[in-house]
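Trainee: I am new to this one. Can we go through it step by step, with a reason behind each answer?

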Amino acid sequence: MINTNPNPNNIPHALTPPPISPPVFIGRDEELENLYQRLFHTQGDQFLLMVNGQGGMGKTSLASRYYHQHQQEYQHVAWVLSNKNIRSALLQLAPGLGLDFAGSQLPPQEQLKVLMQHLTCLPSPSLLVIDNANEVDDLRDHFLVLQRCSNLHLILTSRITSFPGANFFPVQGLGQQVAQALFKRHYPAHHPEEDALLQEMIQAVGHNTLVIELLAKNLHQINRFAEQYTLRNLLDDLQDNILLLSESQQVSTGYQAHGAGLRHQTPERIVLAMYDLRELDEIQQQMMGIFALLPNEEILYSDLQLILPDLAFQTALEYLTDHGWVDYDQEERSFKVNQVVQDVVRTQRTQLLRQDAELLINSLEGILSKDEALSLQYVATARRLLRFAESCLRNISYWDLELLKLSWSTGDFHDKIGNLYAALDQYHLMSKMAYKLLCSDPKNVTLKYNQAVSYEKLGSTHLGLGNLLEALEYFEKSSRLSEELHHAYTGDLSFKSS
């Protein structure tokens with residue numbers, strides 16, 4: 001038995017509680033007007049719009065502002081949270097529609113059919129916003145159901161970037177001037193002479209609206225009585241990892257605050273909540289681990305094919321781009337991951353990054369050590385892969401012989417193309433790796449050989465730079481260690497790593 005409201009006049013204007021109205025709304029007025037025009041004045045099937053973009057870019061704030069600004073132009077309004085299940089979200093409308101399934105034996109799918117009969121009978125136009133509709137499979141299961149609601153203006157906020165038949169309304173990061181205005185709104189003590197630093201900070205977080213807000217509020221909290229944590233301090237922290245701030249306090253935000261109150265947590269906790277790797281399967285997580293190790297730049301698909309020949313990653317790439325973890329540029333055939341997402345992944349997979357990088361390390365070392373990498377045909381590609389190797393070496397803290405060999409090959413490539421200072425950095429890293437590994441395994445002949453080679457490489461590079469004293473010092477170190485190896489292992493070359 002289903003209890004129903006026999007009088008449609010008793011259906012309230014708002015079928016659900018309203019969303020939190022964003023207290024600060026800057027730089028989105030044009031988008032707000034465009035959203036209104038798309039829904040009210042575009043002919044055809046534009047009544048269902050996917051307001052999509054990366055986490056923290058302002059999708060929910062835009063939809064909420066639209067709801068509050070235009071709710072009186074609709075016969076009825078409703079706001080529901082998907083939470084990975086559109087059916088459950090739609091069933092939240094039952095009380096407002098006068099339906100009571102409490103004593104019913106109907107399964108949820110049948111309950112949905114009954115609810116849709118009532119929902120499609122609401123006077124037009126009515127507004128329904130489904131927030132956080134991020135699952136492609138879930139959307140696929142309910143897309144036709146939603147399309148039957150031509151009496152509604154349907155807004156789905158989502159990270160989904162591609163779906164057959166869907167109309168998208170992309171939300172991008174704020175422009176530089178607007179982003180600066182947002183920051184100053186939350187941190188009024190900002191010094192105008194630090195605008196250049198502020199610009200760097202905004203670029204470092206990929207113009208992410210939520211992150212800019214959180215960092216500004218964090219500075220405001222810490223520096224209420226005296227400036228203890230400067231913008232320069234903050235920028236230095238961001239260059240390491242947004243989740244490793246040296247100073248942070250709890251701040252309030254409406255992001256994912258689905259109850260009556262605001263969320264009150266540290267910026268790091270809120271940023272971590274934006275991207276939860278547990279939503280991904282193991283191969284997808286491994287792919288994100290690889291992206292977290294690569295430089296924060298456009299990564300060509302052709303380069304990925306070189307370093308990740310395993311076709312198992314193809315499906316993972318499709319999923320990650322469709323669900324907004326990775327941006328894909330169709331024209332350039334390239335991928336890019338936001339710096340904030342990279343920091344989140346590096347933090348959540350700290351213990352697994354070396355495992356994620358196994359294929360990546362082997363591929364890069366093999367390519368950079370080949371002579372043909374310097375040919376005119378491959379040199380441009382090899383230079384890009386060189387940046388991949390440097391980023392990988394920079395972001396993996398667990399050292400082993402394979403990483404040492406990658407540092408060796410990276411240094412040699414820099415040396416061959418005349419980048420002596422960059423080569424010097426890599427040979428220093430190689431030497432540091434060998435020394436640290438030898439401390440834990442002092443009888444390892446291969447490591448001793450690599451230590452000797454690193455000294456020889458440092459000596460040769462310093463000689464090329466004209467640093468004669470430094471060159472002599474490293475040549476002497478290499479000579480002493482080589483003599484030790486020669487006397488201990490006369491005639492045995494098996495300790496060589498290549």
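Trainee: Let us start with α8. How many of the 14 residues of α8 are buried?

Mentor: Keep in mind that this is a predicted model. Helix α8 is largely enclosed by the rest of the structure. Among its buried residues are Thr209, Leu210, Glu213, Lys217 and Ile222. The count of buried residues in α8 is 12 of 14.

Trainee: Which elements cover the buried residues of α8?

Mentor: The cover includes the helices α6 (176-186), α7 (195-204) and α9 (231-240). It also includes a strand and two further helices: β8 (251-253), α10 (267-274) and α14 (339-348).

Trainee: What span does α8 reach from its first C-alpha to its last?

Mentor: The helix covers residues 209-222, which is 14 residues. At 1.5 Å a residue, 20 Å is expected. The model comes close to that, at 20 Å.

Trainee: Which residue caps the N-terminal end of α8?

Mentor: Look at the backbone nitrogen of leucine 210. A side-chain oxygen lies 3.2 Å from that nitrogen. The oxygen belongs to asparagine 208.

Trainee: Which residue in the loop between α7 and α8 has a positive phi?

Mentor: Most residues other than glycine have a negative phi. Here phi is about 60°, and the residue is not a glycine. The residue in that loop is histidine 207.

Trainee: Asparagine 132 also has a positive phi. Is asparagine 132 buried, partly exposed or exposed?

Mentor: Asparagine 132 sits in the loop between β5 and α5 (136-147). Its phi is about 70°, although it is not a glycine. Buried needs under 20% relative accessible area, and exposed needs over 50%. At 25%, asparagine 132 counts as partly exposed.

Trainee: Is the peptide bond from serine 124 to proline 125 cis or trans?

Mentor: Most peptide bonds are trans. Proline 125 is in the loop between α4 (108-119) and β5 (126-131). The omega of the bond from serine 124 to proline 125 is near -5°, and the bond is cis.

Trainee: How many disulfides does a search of the whole structure find?

Mentor: A disulfide is a covalent bond between the sulfur atoms of two cysteines. To count as one, the two sulfur atoms must be within 2.5 Å. The search covers the whole structure, and the number found is zero.

Trainee: Take two cysteines, 392 and 439. Which is buried and which is exposed?

Mentor: Cysteine 439 has a relative accessible area of 52%, so it is exposed. Cysteine 392 has a relative accessible area of 0%. The buried residue is cysteine 392, and the exposed residue is cysteine 439.

Trainee: Which strands are the edge strands of the open sheet with the order β10-β12-β11?

Mentor: That sheet has three strands with antiparallel pairing. An edge strand pairs on one side only. The edge strands are β10 (299-300) and β11 (327-329).

Trainee: Which residue in β12 is the bridge partner of tyrosine 328?

Mentor: Strand β12 takes in residues 334-336. It pairs with β11 in the antiparallel sense over three bridges. The partner of tyrosine 328 is phenylalanine 335.

Trainee: Now the whole protein. What share of its 498 residues is buried?

Mentor: The protein has 21 helices and 12 strands. Its C-alpha trace spans about 100 × 55 × 45 Å along the principal axes. Its accessible surface comes to about 23600 Å². The buried share of residues is 50%.

Definitions and conventions. Residues numbered from 1 in each chain as written. Predicted model: local features only at pLDDT ≥ 70, side-chain atom pairs only at ≥ 80, totals over all residues. Heavy atoms only, no water. Helix = DSSP H or I, 4+ residues; strand = E, 2+ residues; numbered from the N terminus. Expected span 1.5 Å × (residues − 1). Buried < 20%, exposed > 50% of the residue type's maximum accessible area, 1.4 Å probe, protein only. Contact = heavy atoms within 4.5 Å. Polar contact = N/O pair within 3.5 Å; in protein donor to acceptor, adjacent residues only side chain to side chain. Areas by Shrake-Rupley, 256 points an atom, 1.4 Å probe, with all protein chains shown as cover. Pairing = 2+ DSSP bridges.
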